[in-house]
Amino acid sequence: MRGTGLRLSVTLLTVIPWRGAGDDTAPGSDPDGSPDGSTAPPRAAAGAAMAWAPAVGLLLGVIASAVLLLADHPLGAGPLTASGLAVGSLALLTRGLHLDGLADLADGLASGKPAPAALDIMRRSDIGPLGVVTLVLTLLLQVAALSQAESAGHGRGPTALIAAVVTGRLALTWACRRGVPAARPDGLGALVAGSVRPVVPAMATAVTLAAAAAAVAISAAVAGGQLGWTLPLAVAAGLAAAFAVQRHAVRRLGGITGDVLGALTEIATTVTLVVAAMGPPA
């Protein structure tokens with residue numbers, strides 16, 4: 001199940017192909033889990049995939065950080081352009097599904113309508129004005145915060161980006177823990193809701209916070225604190241923001257959907273980047 005879960009997590013959350021995954025996943029599904037002719041994965045495999053999500057976030061963060069460093073230093077594009085390319089690479093690597101979920105959730109929650117009507121709005125293929133504004137502001141914040149971190153030098157940009165992408169996927173794992181219901185009887189939310197034991201995201205969070213604290217401590221010992229002090233706080237802030245939005249979505253919609261999961265990923269990523277970029281210059 002470990003190999004199946006990791007393979008499914010990679011193919012479900014990214015565009016990265018993994019030979020032999022066709023029997024386990026429905027990579028053609030939309031962000032709300034509506035299949036387009038492919039077979040949905042078993043619930044146990046889907047739960048394992050959500051448990052592996054932070055590891056997939058680490059992979060994505062490393063790739064996006066490589067884009068950031070390559071564009072900024074050897075190619076000389078500058079921190080702002082390099083940050084835009086790094087954030088853009090994440091959108092490409094994830095098919096933009098999380099961003100689509102964020103826009104749909106913004107439209108649904110802002111409608112002020114009862115849960116069934118709000119869920120219908122979220123299912124539509126079009127995006128409303130508030131969804132567009134939410135997307136634009138989110139991407140602007142991500143690029144601006146990453147550019148600020150990259151401008152500080154001493155590895156702040158790549159470190160902040162990796163921490164943010166891992167935290168975004170960690171928020172997804174938390175949202176799929178037992179006790180969190182699905183808003184619909186079908187779709188991705190119904191498949192993964194309540195499928196992850198709480199100990200899994202708890203352990204992943206402890207490891208992530210420990211890694212962030214260790215990075216700060218090593219930076220302080222080797223380079224006089226050049227990495228800054230906000231990294232562990234950024235991870236905690238990102239998860240807290242995602243948890244608050246998740247609770248509100250469950251109250252308004254009755255549970256989670258694929259769109260909610262995508263939105264939580266982007267919210268946690270954005271908040272983590274913003275907080276990680278704070279602090280005095282190195």
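This tour moves through a predicted model, from the whole chain to one helix and then to a patch on the surface.

**The whole chain**

Begin by displaying the protein chain as a cartoon. The chain holds 12 helices and 0 strands, so that a colouring by secondary structure, following the definition of these elements, shows α elements from the N terminus on. Of its 282 residues, 51% count as buried. The chain exposes about 11900 Å², and carbon and sulfur atoms supply 68% of that area. Among contacts between residues at least 6 apart in sequence, 73% join residues at least 24 apart.

**Helix H5**

Next, select residues 97–110, which form helix H5. A distance drawn between its end C-alpha atoms is 20 Å, and this agrees with the span of 20 Å expected for 14 residues at 1.5 Å a residue. Is this helix mostly covered or mostly uncovered? H5 is mostly covered, with 12 of its 14 residues buried. Among the buried residues are Leu 97, His 98, Leu 99, Asp 104 and Asp 107. Then select Gly 112, just after H5, where the phi angle is positive, at about 70°.

**A nonpolar patch**

Now select Ile 127, Leu 130, Val 132, Val 133, Val 136, Leu 137 and Leu 140, and show their surface. Together these residues make a nonpolar surface patch of about 570 Å². One of them, Val 136, lies in helix H7, which covers residues 129–152. Why does Val 136 count as partly exposed? Its relative accessibility is 44%, and the partly exposed class lies between the limits of 20% and 50%. In general, residues three or four places apart on an α-helix point the same way, because the helix has 3.6 residues a turn.

Conventions:
Residues are numbered from 1 along each chain as its sequence is written. This is a predicted model: local features need pLDDT of at least 70, side-chain atom pairs count only at pLDDT 80 or more; totals for chains, interfaces and linings use all residues. Side-chain values use heavy atoms; hydrogens and water are left out. Patches are made of residues with over 30% relative accessible area and no salt bridge: like charges are joined within 9 Å, nonpolar side chains (Val, Leu, Ile, Met, Phe, Trp, Tyr) within 5 Å. Accessible areas come from the Shrake-Rupley method with a 1.4 Å probe; for residues, only the protein chains shown count as cover. A salt bridge is a side-chain nitrogen of Lys or Arg within 4 Å of a carboxyl oxygen of Asp or Glu. Helices (H or I, at least four residues) and strands (E, at least two) are DSSP runs, numbered from the N terminus. Buried means under 20% relative accessible area, exposed over 50%, partly exposed in between (1.4 Å probe, protein chains only). The expected span of a helix is 1.5 Å times one less than its number of residues. Contact means heavy atoms within 4.5 Å.
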